[in-house]
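Open the model in your viewer and keep the selection tool at hand. The tour goes stop by stop.

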Amino acid sequence: MFENAAQGLCVLADRQRDLKKLGMLEYQDYVGYESIDEAVENFVWLLAHPDDMKDIAEHGKAKLAPH
C-alpha cells in the first residue's frame with residue numbers, strides 16, 4: 001500500500017485500523033473498503049471521478065514523500 005501510494009498511484013485497499021495511526025486518511029490518501037461489494041462500488045466511483053482519483057493519488061504521494 002505504501003509503495004503504491006509513494007509512487008503516486010491512487011490506492012484502493014482494505015480498511016486497516018493501523019493506517020489512521022500512521023497518518024493515512026481515507027478518501028484523502030487512499031480509498032478503503034470492507035467488502036467486495038464496497039470495493040467494486042469505490043472502484044466504479046473512482047473511474048467516474050478521475051479528478052478525485054488524481055487528487056487522492058497526489059495527496060498520498062505527498063504524505064509519504066518524507067519517508
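**Stop 1: Arg15 and Glu34.** Select Arg15 and Glu34. They form a salt bridge, and the closest N and O atoms are 3.4 Å apart. The partners come from distant parts of the chain, 19 residues apart. Arg15 sits in the loop between β1 (12-14) and α2 (17-21). Glu34 sits in the loop between β2 (31-33) and α3 (36-48). Remember as you go that this is a predicted model.

Switch on the surface. Is Arg15 buried, exposed or partly exposed? Arg15 counts as partly exposed, at 27% relative accessibility. Glu34 is exposed, with a relative accessible area of 65%.

**Stop 2: Glu38.** Keep Arg15 selected and add Glu38. Their side chains meet in a salt bridge, at 2.6 Å from N to O. Glu38 lies in helix α3 and Arg15 in the loop between β1 and α2, so this pair ties together parts that are 23 residues apart in sequence.

Now add Glu26. Arg15, Glu26, Glu34 and Glu38 are linked in a network of salt bridges. How many salt bridges does the structure hold? The count is six.

**Stop 3: Lys63 and Asp29.** Move to another of the salt bridges. Lys63 pairs with Asp29, and the closest N and O atoms are 2.8 Å apart. This pair also links distant parts of the chain, 34 residues apart. Lys63 is in helix α4 (residues 50-64), while Asp29 is in the loop between α2 and β2.

Check the surface again. Lys63 counts as partly exposed, at 27% relative accessibility. Asp29 counts as buried, at 0%.

**Stop 4: helix α3, end to end.** Select α3 and show its backbone. This helix has 13 residues. From its first C-alpha to its last, α3 reaches 18 Å, close to the 18 Å expected at 1.5 Å a residue.

**Stop 5: the two sides of α3.** Which residues of α3 are buried? They are Glu38, Ala39, Asn42 and Leu46. Turn the view to look down the helix axis. The buried residues of α3 fall within an arc of 100°, so they line one face of the helix. The general rule helps here: an α-helix has 3.6 residues a turn, so residues three or four places apart point the same way.

Show what lies over that face. The cover on the buried residues of α3 includes β1, β2 and α4. Glu38 is thus a residue to revisit: it is among the buried residues of α3, and it belongs to the salt-bridge network with Arg15, Glu26 and Glu34.

Rotate to the other side of α3. Here Ile36, Asp37, Glu41, Leu47 and Ala48 are exposed.

**Stop 6: a nonpolar patch.** Color the surface by residue type. Ile36, Val40, Phe43, Val44 and Leu47 make a nonpolar surface patch of about 510 Å². Pick out Val40, which is in helix α3. Val40 counts as partly exposed, at 48% relative accessibility. Two other members of the patch, Ile36 and Leu47, are among the exposed residues of α3.

**Stop 7: Gly8.** Finish at Gly8, in the loop between α1 (2-6) and β1. Gly8 counts as partly exposed, at 28% relative accessibility. Which residues does Gly8 touch, not counting those up to four places away in sequence? Select Ala57 and Lys61 to see these contacts.

Last, draw a distance from Gly8 to Asn42. Their C-alpha atoms are separated by 18 Å, and the two residues are 34 residues apart along the chain. Asn42 is one of the buried residues of α3.

Key:
Residues numbered from 1 in each chain as written. Predicted model: local features only at pLDDT ≥ 70, side-chain atom pairs only at ≥ 80, totals over all residues. Heavy atoms only, no water. Salt bridge = Lys/Arg side-chain N within 4 Å of Asp/Glu carboxyl O. Helix = DSSP H or I, 4+ residues; strand = E, 2+ residues; numbered from the N terminus. Buried < 20%, exposed > 50% of the residue type's maximum accessible area, 1.4 Å probe, protein only. Expected span 1.5 Å × (residues − 1). Arc of directions from axis to C-beta. Contact = heavy atoms within 4.5 Å. Patch = residues over 30% accessible without salt bridge, like charges linked within 9 Å, V, L, I, M, F, W, Y side chains within 5 Å. Areas by Shrake-Rupley, 256 points an atom, 1.4 Å probe, with all protein chains shown as cover.
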